[in-house]
Amino acid sequence: MVEINEAVPDDVNVIKATVLMPLRVTRAAGGMNIYKTDVTDGISDMRITFFYRPPNNRMAYSNYTPFVLNEGETYYFRGKVNRSFSTVEMNSPVYVTEAKYREMVSVYPLTSGLKINTVRNAVRDCLAMLPDPMADPIPAEIRQKYELCTLDYALNNIHFPLDSEALAIASRRLIFEELLVLQLGLRRIRQRVKAENTHRFEKDYTDEFTELLPFELTNAQKRAIAESVADMMSDNPMNRLVQGDVGSGKTAVAAALCYNAIRNKYQAAMMAPTEILANQHYESLKKLLEPCMINVVLLTGSVKGKAKKLALEQIKNGDAQLIVGTHALISDGVEYANLGLVITDEQHRFGVNQRSALAGKADNPHTLVMSATPIPRTLALMIYGDLDISIINELPPGRQKIRTVWRRTESRRDIYNFISAQIAEGRQAFIICPLIDESESDMASVNEYAEMLRSYFPEEYIGVVHGKMKAAEKDAVMDDFSANKLKILVSTTVVEVGVDVPNSTIMMIENAERYGLSQIHQLRGRVGRGKHQSYCILISDAQNQEAVTRMKTMCAHSNGFEIAEIDLKLRGPGDFFGERQHGLPQLKIADMLGNMDTMKEAQEAANKILSEDPYLESNKYKGLKAETKQLFDKSGGITF
């Protein structure tokens, strides 16, 4: 609760105030009634405004008032406050009388025409229909050990808490249960791959592979390769995450492991999230490995007709030794002859069980997942609980440090002049437009921006790429950009990962405040790959403190892991990962960062449960088994 003069503009506030006069109604156009009154907290006054459109069958009752605020009575008002000159106003607040204020009430998201009390009453009716007693999926001994309330108590007090303590007890129980179910699912996946190593590597061919390379591997790359090969020569299949900053050389690590698999007489498959990235991997791996008589095959949605038929035949009979592609690799018609290694690139773009689906094409193959989205190690151990982790924490020699600057839109003409000067020296530029949504508006925004650019640059300089284009169209534009036929590529974040054009020296990001720090860092990593000085230009007119902090952070930091730590603190895990970006099932109440202590307890409980009953077959765990299957079914399914 705050006083009127302390209310934060454009934010939700709770204010205790007394009504100064009866509600006044004004008839507005379109049948809308507007109700106004003034209230005071004894120091300052505030205008209260409600909007109401009477239903047709009530039009005759023009004096009907849906809001009851009695002159002289005191209420608590909750809503967004607006300030204009000397007026403070709160529109359409929720309000309760002073007598009812001490009751805790739940707040639910609403849609047009739905009232908060309607939702509260519906929830109350649902709770009344639940069986008594309610079956509790968490056994009594676990509830006792971790001091958890029953499910019945938790559900009632998360919606209608007796007091703040009851709410905290209910929240802790539901958070624990959700994290326990998450950990059971991840541990079950881990158990599934900790079977006997049926694709044991007999020899390490890494030294032979490094002789093929035109560059020296970094110590971090060598360490990641050694850890992975050691796994593949051990008693259990490899199941490893390789995490590295932008440009750290994860693809070289993957190539080394593919070479090892093939020399040990197994097939290897590499799955990328986009056709652009899959094509790029295919071209680079083909160039590196085909001189060694290794057959590299591409399989994406764009491979059709005879080419697709030939690829499927070669994969099935074993002539294809390395198969590179998109999720087409896991489609029903693809059969592998002797798949021993599966690699998933940009793990955060796939669901937990999409990589399991690729692994399911063989009998417990070695599995490597790669991610260029740095995650603090503690959190990585939690969310990738089914994986061992290798971190590549150094960049190959020769990588340029990218100069990053933050500019307002008023500097755009100067920036375009700078881009022109770079083009005159033979360089190229990326310009990123905000991804509004997965609709035509995204496509329109990119095309409209490109059209505006044509008043500054010759038309033949500019190419456009966005998510609505067909794969062949995107590939054609990217090929022209890679060949330096196009000087400027206007794009959405479709170029965020993997795109490698060493001649590009400028990454300009419009409305940079719309992106998280880790995503900006990914985009920035598209430049600085050649011998010329590169630049990242952030365009933003944002004034709020968080946006300013983010822009300054990008200008001051170049280490992806440091940036990830800051990003996580600023935005929390939900926004940090984006909509399902980490590939985990969606959580309803738990916060993987804020509930870290509870996460550790849930991990401990999950380990104990599965050591006692690996398949959750006993009656006391049947509720947890059902919840685990339900949670993971939404992201591809889990088998017990």
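A residue is called buried when its relative accessible area is under 20%, exposed when that area is over 50%, and partly exposed in between, using a 1.4 Å probe and protein chains only. Helices (H or I, at least four residues) and strands (E, at least two) are DSSP runs, numbered from the N terminus. The model described here is predicted, so local features need pLDDT of at least 70 and side-chain atom pairs count only at pLDDT 80 or more, while totals for chains, interfaces and linings use all residues. Residues are numbered from 1 along each chain as its sequence is written, and side-chain values use heavy atoms, with hydrogens and water left out.

The description starts with helix α7. Of the 14 residues of α7, 12 are buried, and the helix is thus mostly covered. Among the buried residues are Lys250, Leu257, Cys258, Tyr259 and Asn260. The expected span of a helix is 1.5 Å times one less than its number of residues. For α7 (residues 250–263) this gives 20 Å, and the end C-alpha atoms are indeed 20 Å apart, which agrees. Just after the helix, Lys265 takes a positive phi of about 70°.

Helix α7 also belongs to a nonpolar core, that is, a set of buried Ala, Val, Leu, Ile, Met, Phe, Trp, Tyr and Cys residues joined through side-chain atoms within 4.5 Å. The largest such core has 41 residues, and Leu257, Leu322, Leu341 and Ile343 have the most contacts inside it. Two or more residues each come from α6 (219–232), α7, β9 (267–271), α8 (275–289), β10 (296–299), β11 (322–325), β12 (339–344) and β13 (366–371). The greatest contribution is that of α7, with 10 residues. Contact means heavy atoms within 4.5 Å; by this rule, and not counting residues up to four places away in sequence, Ile343 touches Ala254, Cys258, Ala269, Met270, Met271, Leu358, Leu368 and Met370. Apart from this core lies another, of 29 residues, including Leu486, Met507, Val548 and Met551.

The next topic is a sheet. Strands of a sheet pair through backbone hydrogen bonds, either parallel or antiparallel. Two strands are said to pair if DSSP finds at least two bridges between them. One open sheet has 6 strands in the order β15-β20-β19-β16-β18-β17, with parallel pairing. Because β15 (403–407) and β17 (462–465) stand at the edges with a single partner strand each, one side of each is left without a neighbour in the sheet. Neighbouring strands are turned by 20° against each other on average, direction ignored. Within this sheet, β16 (residues 428–432) and β19 (residues 504–509) pair in the parallel sense over 5 bridges, and Gln428 has Ser504 in β19 as its bridge partner.

Two helices pack on the sheet, and their directions are compared with those of strands through axes, which are lines fitted to C-alpha atoms, for helices over the stretch in contact, with angles from 0 to 180 degrees between N-to-C directions. Helix α14 (residues 471–482) touches β16, β17, β18 (488–491) and β19, and its direction makes about 145° with that of β17. Helix α16 (residues 545–556) touches β15 and β20, and its direction makes about 155° with that of β15.

Strand β20 (residues 535–539) contains Ile537. This residue is buried, with a relative accessible area of 5%. Residues touched by Ile537 include Val405, Ile415, Phe418 and Met507. Ile537 and Met507 are 30 residues apart along the chain, yet their C-alpha atoms are separated by 6.2 Å.

A further group of strands involves β3 (residues 33–40), in which 7 of the 8 residues are buried. Strand β1 (residues 12–19) runs antiparallel to β3 and is joined to it by 2 bridges. Strand β2 (residues 24–27) pairs with β3 in the antiparallel sense over 4 bridges. These two strands, β2 and β3, form a hairpin with 5 residues between them, and Gly30 in the turn has a positive phi of about 80°. On β3 there is also antiparallel pairing with β4 (residues 45–52), over 8 bridges. In the hairpin of β3 and β4, with 4 residues between the strands, Gly42 takes a positive phi near 95°.

Finally, His199 lies in the loop between α4 (164–193) and α5 (206–210). At 6% relative accessibility, His199 counts as buried.
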